[in-house]
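Subject: Structure for you to look at

Dear colleague,

I am passing on a structure that I would like you to look through alongside this email. Please keep it open while you read, as the notes below follow it element by element.

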Amino acid sequence: MNMTLANVTITRETLQAFKSGKSGCFLCTGGIIVIRKSVEDTRKEFEKSFAEGILYDRQTQDENHRKMLIDSLHIFGVSSVLDLGTGTGYLAFPIAKQHKDCFVTGLDIVKDALRRNEELAKKEKIENIEFVSYDGINIPFENNSFDAVVTRYCLHHIIGMQDMFHEIYRILKPGGQLLLADPTPNAQDGDRFVDKYMQLKKDEHVRFYTKDELVHMAGLAGLIYETSAMTKIRFPRIRTAEVDRLLQATNASIKDLYEIEVRQKEVFITEDVLNLSFFKG
């Protein structure tokens, strides 16, 4: 099957190559058209997720992890921080409150969430924060704009990760920090069950990356690896027939890796989370 849009032909095999990580620079191939479709699908699904409220919070919130990330940011005096994929401002708000001399920008594709964030910032009189929407491809800021970029549970939704690393490098000031947190597949999960599982939720999950993959892509963009830490996240999702079929077809040893627990209406999974720090030399 081929996808032909605006005189660009993209085969299913080509798209799968990017999703599997076998090719990095998606924009170079005209894949920007596919990315725009993916971004729009992601935006719509996250509008639903944010509207669900309690379930989304149960899937993503972890106070200890948030504190660890904020404490790991290199923020000294007057500085600027970009929260890439800010969502509900889960990181952006506490960073702004904790670092009064720091100006925080929350960037996301979901405009409804950004509008609610702006209303909350105004209500709580938080003046050192702003929220900006973008197209999910090009970060809309000048070169050397930020002292730090932080992103949590965002990167696995991005097609063309190599291009995103180049964008992050571009907007960081010399010496600036990239701090990222994203789940990673278990080393024994050779068939990537976890990616198949995550892709059943229609929020355009692309894939999880290993530490070596992320360090390699960041290095190609000019970012220098600094430190890493591993944490875990355990969260529920709604049990569906699709989920049941995947679990039935999956070896018990693989399910044990992720501590899968099937309940009447929900399924719980535990995933390892990579927390990596880089800097722009």
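C154 is a buried residue, since its relative accessible area is 12% and the cut-off for buried is under 20%. Please bear in mind that this is a predicted model. C102 also counts as buried, because its relative accessibility is 2%. As for disulfides, a pair of cysteine sulfur atoms would have to lie within 2.5 Å, and by this rule the count comes to zero.

The next element to find is strand β4, which spans residues 102–108 and is mostly covered, with six of its seven residues buried. On one side of the pairing pattern, β4 is joined to strand β3, residues 79–84, by six bridges, and the two strands run parallel. If you want a single pair to look for, D83 has G106 in β4 as its bridge partner. Between these two strands the chain passes through helix α5, residues 92–98, and this β-α-β crossover from β3 to β4 is right-handed.

Strand β4 also pairs with strand β5, residues 129–133, again in the parallel sense, and here the pairing runs over five bridges. Within this pairing, V104 stands opposite I129, which belongs to β5. Helix α6, residues 111–123, forms a β-α-β unit together with β4 and β5, and that unit is right-handed.

While you trace these strands, it may help to remember that in a regular strand the side chains alternate between the two faces of the sheet.

Best wishes

Conventions:
Residues numbered from 1 in each chain as written. Predicted model: local features only at pLDDT ≥ 70, side-chain atom pairs only at ≥ 80, totals over all residues. Heavy atoms only, no water. Buried < 20%, exposed > 50% of the residue type's maximum accessible area, 1.4 Å probe, protein only. Helix = DSSP H or I, 4+ residues; strand = E, 2+ residues; numbered from the N terminus. Pairing = 2+ DSSP bridges. Right-handed = clockwise from strand over helix to strand, strands pointing away.
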